[in-house]
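Open the model in your viewer and keep the selection tool ready. This tour moves from the whole protein to single residues.

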Amino acid sequence: MGLTHSGHPRPMSIHFVKSIEGFHPKGAHVGRVCAGVSDTEQLMQALEAALRLPASFGRTWDALSESLRDLSWLPAGRITLIHDELPTLSPEDLSTYLHVLEESAGSWRGRTDYALDIVFEKKHRHRVLAPLADFYSVPFHHVPVNPDN
């Protein structure tokens, strides 16, 4: 969960599914970040292709944030960015990427022209949520569970 500027919790626009294989949201423009992304440059290239980012996209975190808060080059409606795997980035870059995704997707909440959903497999939940909790200074504890408990 992210926080509003007043510090109150708000719903996240990052979603977790059991398996992304065969996951096809109906009525959405779907972009995929394929497995094997191992650095920021590869990630920016993957996002450029997945979301058909404009030629003016500058391949920086600020440019990504601006682009994800615009989306006017895509048809209006729901945009879903699916990650086949969590990109293998430095902890700092992963935290920045996840923050950009969460804040950008959250900026569309309540709007009627666009919606941006970010999707990861459930197995990555703690690796996605921990950096976001740290960014917002929210305590986060990962407690592994399995079907037997």
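**Whole protein**

Start with the surface. About 8,400 Å² is accessible, and carbon and sulfur atoms hold 53% of that area. The model is predicted. Of its 149 residues, 44% count as buried.

Switch to cartoon view. You should find four helices and six strands. Along the sequence they run β-β-β-β-α-α-β-α-β-α.

**The core**

Which residues touch the most other members of the largest nonpolar core? Select Leu 64, Leu 81, Tyr 97 and Phe 120, out of 37 core residues. Next, colour the elements that give this core two or more residues: strands E3 (14-17), E5 (77-83) and E6 (114-121), with helices H1 (40-50), H2 (61-68), H3 (91-106) and H4 (125-135). H3 gives the largest share, six residues.

Zoom in on Leu 81. Beyond its neighbours within four places in sequence, its contacts include Val 33, Leu 47, Tyr 97, Leu 101 and Ile 118.

**Salt bridges**

The structure has seven salt bridges. Select Arg 59 and Glu 48: their closest N and O atoms are 2.5 Å apart. Arg 59 sits in the loop between H1 and H2 and Glu 48 in helix H1, so the pair ties together parts 11 residues apart in sequence. Arg 59 is partly exposed at 32% relative accessible area, while Glu 48 is buried at 19%.

Now select Asp 117 and Arg 78, a salt bridge of 2.3 Å, N to O. This pair links strand E6 to strand E5, 39 residues apart. Asp 117 is buried at 14% relative accessibility; Arg 78 is partly exposed at 40%.

Finish by adding Glu 41 to Glu 48 and Arg 59: salt bridges with shared partners join these residues into one network.

Conventions. Residues are numbered from 1 along each chain as its sequence is written. This is a predicted model: local features need pLDDT of at least 70, side-chain atom pairs count only at pLDDT 80 or more; totals for chains, interfaces and linings use all residues. Side-chain values use heavy atoms; hydrogens and water are left out. A nonpolar core is a set of buried Ala, Val, Leu, Ile, Met, Phe, Trp, Tyr and Cys residues joined through side-chain atoms within 4.5 Å. Buried means under 20% relative accessible area, exposed over 50%, partly exposed in between (1.4 Å probe, protein chains only). Contact means heavy atoms within 4.5 Å. Accessible areas come from the Shrake-Rupley method with a 1.4 Å probe; for residues, only the protein chains shown count as cover. A salt bridge is a side-chain nitrogen of Lys or Arg within 4 Å of a carboxyl oxygen of Asp or Glu.
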